[in-house]
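Please read the sequence and the structure below side by side. The paragraphs that follow go from single side chains to sheets and back to the whole chain.

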Amino acid sequence: MKTAAILWVDCDTQHAAAAQQLISAQHPGWRLLHSPAPEQASRAWDAMVLCLDPAARELPDLREPCATHPVLLCLDAAQEALAARAFRDGLGDYLLRAADGQAHLAELMRRLAALLRQRLAAQAPGAPNPSARMLALLQEQRAALQATLASISQGIFKTGPDGRISVYNQRALDLLDLPESLLANRPTLAELTRLQAERGDFGPDYGLVGPLGQDYLAQGGRDSAPAIYWRTTRDGRTLEVRTNALADGSQVRTFADVSDYLRVENQLRDSEARFRSLSDLSSDWYWEHDAQGRFTQLAGDLSVNGMPLSSVLGRTRWEIGALNMTEADWAAHRTVLAAQQPFRDLELQRQRADGSMHWISVSGVPVQGADGTPRGYRGVGRDITGRKQAEGQIERLAFYDALTGLPNRRLLLDRLQHATVAVTRSNTQGALLFIDLDNFKSLNDTLGHDAGDHLLQQAAQRLKACVREVDTVARFGGDEFVVLLAGLSAAAAQASAEAAQVAKHIAASLGQPYALGGAVHHSTPSIGIALFGPQVCHVDELLKQADLAMYQAKAAGRNTQRFFDPEMQAAASHRSALEADLRRGLQQRELVLHYQPMVDGQGRLQGAEALVRWNHPQRGLMPPAEFTPLAEQTGLILPLGQWVLETACAQLVAWSRSALTRAFSLSVNVSVRQFRQSDFVQQLLATLEASGANPERLTIELTESLLLNDVQDIIARMQQLRCHGLGFSLDDFGTGYSSLSQLKRLPLDQIKIDRSFVRDLPTDAGDGAIVRSILALAQSLGLAVVAEGVETRAQLEFLQHHGCQTFQGYHFGRPMSPEALAHRFQVMPDPLGRPV
């Protein structure tokens with residue numbers, strides 16, 4: 001048929017357009033009329049092509065069009081059962097749609113042309129009479145029906161009004177495992193069911209008519225075709241059966257093997273159930289979004305997000321937003337999505353409706369269709385709020401002081417390193433302020449550590465209020481704080497003035513009273529300042545410079561500020577070198593004891609005071625004034641003092657070997673720090689026992705500074721040692737802080753008049769009055785007196801005239817070696833047995 005109007009019923013416009021293109025190429029005389037539905041089509045057409053919607057489960061009524069025109073049905077393989085129903089209405093032919101949606105069109109055109117030729121032949125002049133034509137057409141349709149029945153993948157039984165099977169296909173026999181001989185006598189379905197039940201084809205109470213005694217039609221009415229599933233027992237297959245009742249009382253039943261479909265469906269259902277269970281049990285959640293980034297599915301515990309599901313579905317991640325993400329961050333994320341790249345651990349901070357903050361981490365992979373077309377992403381999310389809080393806590397512990405909340409030493413060093421680089425780039429100056437709270441130890445000792453902690457917290461807040469946001473306030477340790485000032489003027493003089501102004505502000509703020517519970521405390525700071533600029537300087541060196549300047553401020557009377565200068569560094573270097581030498585000197589036994597004689601009025605030796613000297617390899621013999629203060633500051637006074645005691649005891653043992661010197665006593669100075677050691681008494685007694693020295697010949701000289709604190713403890717130690725025979729002398733009497741009430745409580749044997757009062761005797765009336773008072777006081781307390789620093793005959797005579805009986809000074813002899821002492825006063829050699 002060269003010209004024809006083809007009604008193309010199709011809801012798929014692309015499919016219809018492809019058909020139009022093929023018709024234009026192969027059948028130029030055909031005219032295609034496209035309609036989305038049969039009821040919207042016009043009546044002026046020669047043949048109809050009905051393209052069934054893949055989602056359709058029912059057919060439109062085709063009885064009227066099929067009665068007058070050829071109709072060709074195009075449908076999916078899953079809809080093939082509908083073709084059997086369409087043949088009831090006189091369907092001309094049907095075709096299965098190809099998987100790609102268009103490959104079947106060529107075959108469709110061939111079959112459509114065949115249907116048009118059949119119609120043309122029936123209408124041509126000289127065609128057989130109507131009865132013959134109808135018979136021929138009927139035979140042709142029957143042949144087409146048989147061919148169709150043989151080609152479809154479903155099994156079909158048609159029963160007449162009497163219930164007997166009249167039409168069937170080979171597929172039905174195959175699915176039901178029936179020999180064709182069983183259908184020779186046209187059995188009813190019920191008879192066939194009983195035969196199969198006897199063979200054991202089906203499970204109990206099941207057969208071709210469903211549960212025995214029931215008909216499928218009872219489940220849904222005569223016009224419905226519910227799907228009934230039952231399982232054969234021979235091979236375990238599952239068949240789907242549908243029943244359609246015809247108007248004349250006959251029925252068409254279709255059978256399809258849905259074993260694979262149901263197995264996959266069950267596996268999918270089980271998989272989804274497992275997935276749902278795991279999602280419900282897991283703290284993570286599953287998500288999917290489409291190619292535009294809009295969420296399409298979420299599963300799992302979403303309560304941590306604090307957002308209803310409805311506020312998430314249909315929105316993108318960037319539309320929901322995150323507090324830690326900038327627009328640039330979101331743009332970078334969208335670039336990853338556009339490139340179809342996986343992403344992991346995208347961390348997002350959000351605020352819940354109740355105001356609480358939470359963190360989530362999401363990871364995703366791209367999803368593509370069979371043809372590689374991007375379909376979106378799927379992935380997982382998890383709540384990481386706890387981890388973030390732990391990380392924050394770890395960072396605070398690592399970089400911040402737990403008491404004050406200020407940056408600690410570690411963070412300060414890092415910021416100081418960056419600051420030294422920054423001033424080089426910007427050609428500016430910076431300053432480091434080292435701050436120490438004056439007399440903080442006294443506060444801890446009197447009010448307790450809780451009060452001290454409270455003061456440090458208040459001081460930290462005041463320091464933060466004194467500087468800018470760009471500056472750093474750090475707690476360096478104990479009662480020491482460091483302030484890092486950045487961006488000062490490029491000129492050194494101006495930068496110094498700016499740093500001094502900040503230091504003055506800090507001193508005024510920290511000098512305000514502190515409320516500590518029910519008490520009010522006053523504290524002042526000593527501040528050292530070190531400037532740094534474009535010149536390269538190591539951070540450790542800067543800290544040392546600021547620290548040195550702070551100690552200069554303390555030495556200047558405290559509550560003041562001092563800038564670092566190179567002279568400080570030179571002094572510190574000298575001190576450091578001397579400390580190293582002293583440590584080495586103790587190890588190498590470079591220290592020696594010299595002895596200054598104590599004599600009576602006739603110059604007879606009564607004993608001696610042991611005085612330490614350092615035989616330095618480069619500096620020669622050094623007096624104690626040049627190294628004992630350093631030993632006190634560094635703690636070296638403890639091993640030094642122990643060595644002095646051991647050497648003095650050895651000398652006493654040497655003197656005890658001669659009747660001439662056996663009565664001599666030896667005085668040894670003991671520092672406050674050494675005497676306050678908790679085990680000093682035990683150490684001293686152990687030294688005496690190990691050496692064999694007579695404790696009654698050893699006198700411990702103490703200074704009045706020992707009496708500033710814990711006097712009762714000092715008295716207890718002195719009494720414990722006196723019980724073993726040791727004597728005690730109060731050195732440099734009159735220069736310290738002792739009171740008469742303390743003096744009379746101390747278990748002393750003698751006091752020593754300080755050389756500063758002896759120096760100007762007898763010419764200075766004031767010194768004379770002090771000396772007379774000391775002598776009178778000692779006599780009233782029953783104490784012996786030793787006058788130190790006697791250098792002239794006039795001094796000696798004044799002292800003798802007023803009752804002093806023991807003397808020490810250059811008038812009788814300088815401190816000397818044991819050998820020199822033995823030679824001068826004819827006593828024994830030194831304890832090491834060296835000859836005189």
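Over the ring of which residue does the charged end of Arg334 sit? It is the ring of Trp318, whose centre is 5.2 Å from that charged end. The model is a predicted one, and the placement of these side chains is to be read as such. A second case involves Arg409: its charged end sits over the ring of Phe476, 3.9 Å from the ring centre.

Phe476 is also a way into the aromatic pairs of the chain, which number 10. The ring of Phe476 pairs with that of Phe434; the centres are 5.3 Å apart and the planes make 70 degrees, and because an angle over 60 degrees counts as edge-to-face, the pair is classed that way. The two residues are 42 apart in the chain, with Phe434 in strand β16 (residues 429-437) and Phe476 in strand β17 (residues 472-477), so the pair links distant parts of the chain. Both partners are buried: Phe434 has a relative accessible area of 2%, and Phe476 has one of 11%.

Another pair, between Tyr595 and Trp655, is tilted, with 6.1 Å from centre to centre and 55 degrees between the planes. Here too distant parts of the chain are linked: Tyr595 belongs to strand β23 (residues 591-599) and Trp655 to helix α20 (residues 637-655), 60 residues apart. Tyr595 is buried at a relative accessible area of 1%, and Trp655 is buried at 2%.

Back to β17, the strand that carries Phe476. Of its 6 residues 5 are buried, so the rest of the structure largely encloses this strand. Strand β18 (residues 480-488) runs antiparallel to β17 and is joined to it by 5 bridges. One bridge pairs Gly477 with Glu480 in β18. The two strands make a hairpin with 2 residues between them, and Gly478 in the turn has a positive phi of about 60 degrees.

Next comes an open sheet. Its 5 strands are ordered β12-β11-β15-β14-β13, and their pairing is antiparallel. Which strands stand at the edges? They are β12 (295-300) and β13 (343-351); each has a single partner strand, so one side of each is left without a neighbour in the sheet. From one strand to the next, the twist averages 25 degrees. As for the partner of β13, 7 bridges join it to the antiparallel strand β14 (residues 357-368). Gln351 has Met357 in β14 as its bridge partner. In a regular strand, side chains alternate between the two faces of the sheet.

Two helices can be placed against these strands. Helix α11 (residues 327-338) packs on the sheet, where it touches β11 (285-290), β13 and β15 (374-383), and its direction makes about 145 degrees with that of β13. Helix α12 (residues 385-399) lies across β13, β14 and β15, at about 125 degrees to β14. One aromatic cluster should be looked up in the same view: it is formed by Trp287, Phe295, Phe343 and Tyr377.

A parallel pairing is found further along the chain. Strand β27 (residues 698-703) runs parallel to β28, and 5 bridges join them. In this pair Ile700 stands opposite Phe728 in β28. Strand β28 (residues 727-733) is mostly covered, with 6 of its 7 residues buried.

For a loop position, take Asn559. Is Asn559 buried or partly exposed? Asn559 is partly exposed, because its relative accessible area of 42% falls between the 20% and 50% limits. The loop that holds Asn559 runs between α17 (539-555) and β22 (561-563). Apart from neighbours within four places in sequence, Asn559 is in contact with Asp438, Thr524, Pro525 and Ser526. Gly511 is 48 residues away from Asn559 in sequence, while the C-alpha to C-alpha distance in space is 8.4 Å.

The whole chain gives the frame for these details. It has 28 helices and 31 strands. Of its 836 residues, 44% count as buried. Among contacts between residues at least 6 apart in sequence, 58% join residues at least 24 apart. The accessible surface comes to about 42,500 Å², and 51% of that belongs to carbon and sulfur atoms.

How values were computed
Residues are numbered from 1 along each chain as its sequence is written. This is a predicted model: local features need pLDDT of at least 70, side-chain atom pairs count only at pLDDT 80 or more; totals for chains, interfaces and linings use all residues. Side-chain values use heavy atoms; hydrogens and water are left out. Rings of Phe, Tyr and Trp (its six-membered ring) pair if their centres lie within 6.5 Å; planes under 30 degrees apart count as stacked, over 60 as edge-to-face and the rest as tilted. Helices (H or I, at least four residues) and strands (E, at least two) are DSSP runs, numbered from the N terminus. Buried means under 20% relative accessible area, exposed over 50%, partly exposed in between (1.4 Å probe, protein chains only). A charge sits over a ring if NZ of Lys or CZ of Arg is within 6 Å of the ring centre and within 35 degrees of the ring normal. Contact means heavy atoms within 4.5 Å. Accessible areas come from the Shrake-Rupley method with a 1.4 Å probe; for residues, only the protein chains shown count as cover. Two strands pair if DSSP finds at least two bridges between them. Axes are lines fitted to C-alpha atoms, for helices over the stretch in contact, and angles run from 0 to 180 degrees between N-to-C directions.
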